[in-house]
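Subject: Structure handover

Hello,

Here is the structure for you to load. My notes on what turned up follow below it.

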Amino acid sequence: MKPIHITEGVRLREAELADARDIFRTIDTQRSYLGRWLPFVAATRTERDSYDYLHAVLSAPADRRELLFAIVAEGCFAGLVGFKDTDRANRKTEIGYWLGEAYQGRGIMTRSVEALCGVAFGVLGLNRVQIQCAVGNSRSSAIPRRLGFTLEGIARAGELQADGRFSDIEVYSLLREEYVLRKERTQCDGHPDE
């Protein structure tokens, strides 16, 4: 897939094995920040762990391969965004994401997730996109709310954190018909939602 332009200086490009070094370096230098809400941070101890993750994603058979994108801002690796747990038979997927601390608060992830919604509903022909956020992770949950997702409810004790505690998870969804209506409204208004 061609790179996706997000904003001036920011683009998404399909992740590749060579990204393992940047992924690991970002995780390793921001363990406290990223590890607060991302359980995989504690299990990512070496660059090889990042490489093995990328290899597993990128070597999956074509009919089961998930699209994973590196977020590149001003030429530097900023984070990851991609699909996971895609159910092609039922035309649904989940979007997962994380962003380095230096890139927070600039709308990068909101626009990246919005772009992936376009891929999901347009290119992939899916009908439902889901996002899950730990209760209390307000930066993460602001993204689906900003993009018109519906909070369906709370999955109690839905994610095991690195410290052994379980977090409740907010489950958000967006349907293709809602996405299309929102895009039409945005085009009629002449400006995107912020």
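Which side chain does Glu114 meet in a salt bridge? The partner is Arg182, at 3.6 Å from N to O. Please keep in mind that this is a predicted model.

The pair links distant parts of the chain. Glu114 sits in helix α5, residues 108–123. Arg182 sits in helix α7, residues 176–189. In sequence they are 68 residues apart. Cover differs between the two partners: Glu114 is partly exposed, at 23% relative accessible area, whereas Arg182 has 11% and counts as buried. The cut-off for buried is under 20%, so Arg182 falls inside it and Glu114 does not. Lys183 joins in as well: Glu114, Arg182 and Lys183 are linked in a network of salt bridges.

Now the whole fold.

The protein has 7 helices and 8 strands. Its radius of gyration is 16 Å, close to the 16 Å from the globule rule for 194 residues, so the protein is as compact as a globular protein of that length. The C-alpha trace spans about 50 × 40 × 35 Å along the principal axes. Of the 194 residues, 43% count as buried. Take the contacts between residues at least 6 apart in sequence: 60% of them join residues at least 24 apart. The accessible surface is about 10,500 Å². Carbon and sulfur atoms hold 49% of that surface.

Next, charges.

There are 27 positive and 28 negative side chains. The centres of the two sets lie 1 Å apart. Side chains of opposite charge can pair when their charged atoms come close. The structure holds 12 salt bridges. Beyond the one between Glu114 and Arg182, two others deserve a look.

- Glu152 and Arg128: their side chains meet in a salt bridge at 2.8 Å, N to O. Glu152 lies in strand β7 (residues 150–160) and Arg128 in strand β6 (residues 128–134), so the bridge ties together parts that are 24 residues apart in sequence. Glu152 is partly exposed, with a relative accessible area of 46%. Arg128 is buried, at 19%. The buried class ends at 20%, so Arg128 is still within it.
- Arg165 and Asp163: here the salt bridge has an N to O distance of 2.9 Å. Arg165 is partly exposed, with a relative accessible area of 33%. Asp163 is exposed, at 56%.

Last, the backbone.

Most residues other than glycine have a negative phi. Where does the model depart from that? Two residues to check are listed here.

- Glu74 has a positive phi, near 50 degrees. Glu74 is in the loop between β3 (68–73) and β4 (76–87).
- Arg91 also has a positive phi, near 55 degrees. Arg91 is in the loop between β4 and β5 (92–99). Its relative accessible area is 42%, so Arg91 is partly exposed.

To recap the pairs: Glu114 with Arg182 joins helix α5 to helix α7, and Glu152 with Arg128 joins strand β7 to strand β6. Each of these two bridges has a buried arginine, namely Arg182 and Arg128, and a partly exposed glutamate, namely Glu114 and Glu152.

Over to you.

Best wishes

Note on methods:
Residues are numbered from 1 along each chain as its sequence is written. This is a predicted model: local features need pLDDT of at least 70, side-chain atom pairs count only at pLDDT 80 or more; totals for chains, interfaces and linings use all residues. Side-chain values use heavy atoms; hydrogens and water are left out. Helices (H or I, at least four residues) and strands (E, at least two) are DSSP runs, numbered from the N terminus. The radius of gyration is taken over C-alpha atoms; the globule rule is 2.2 Å times the number of residues to the power 0.38. Buried means under 20% relative accessible area, exposed over 50%, partly exposed in between (1.4 Å probe, protein chains only). Contact means heavy atoms within 4.5 Å. Accessible areas come from the Shrake-Rupley method with a 1.4 Å probe; for residues, only the protein chains shown count as cover. Lys and Arg count as positive and Asp and Glu as negative; His and the chain ends are not counted. The place of a charge is taken as NZ of Lys, CZ of Arg, CG of Asp or CD of Glu. A salt bridge is a side-chain nitrogen of Lys or Arg within 4 Å of a carboxyl oxygen of Asp or Glu.
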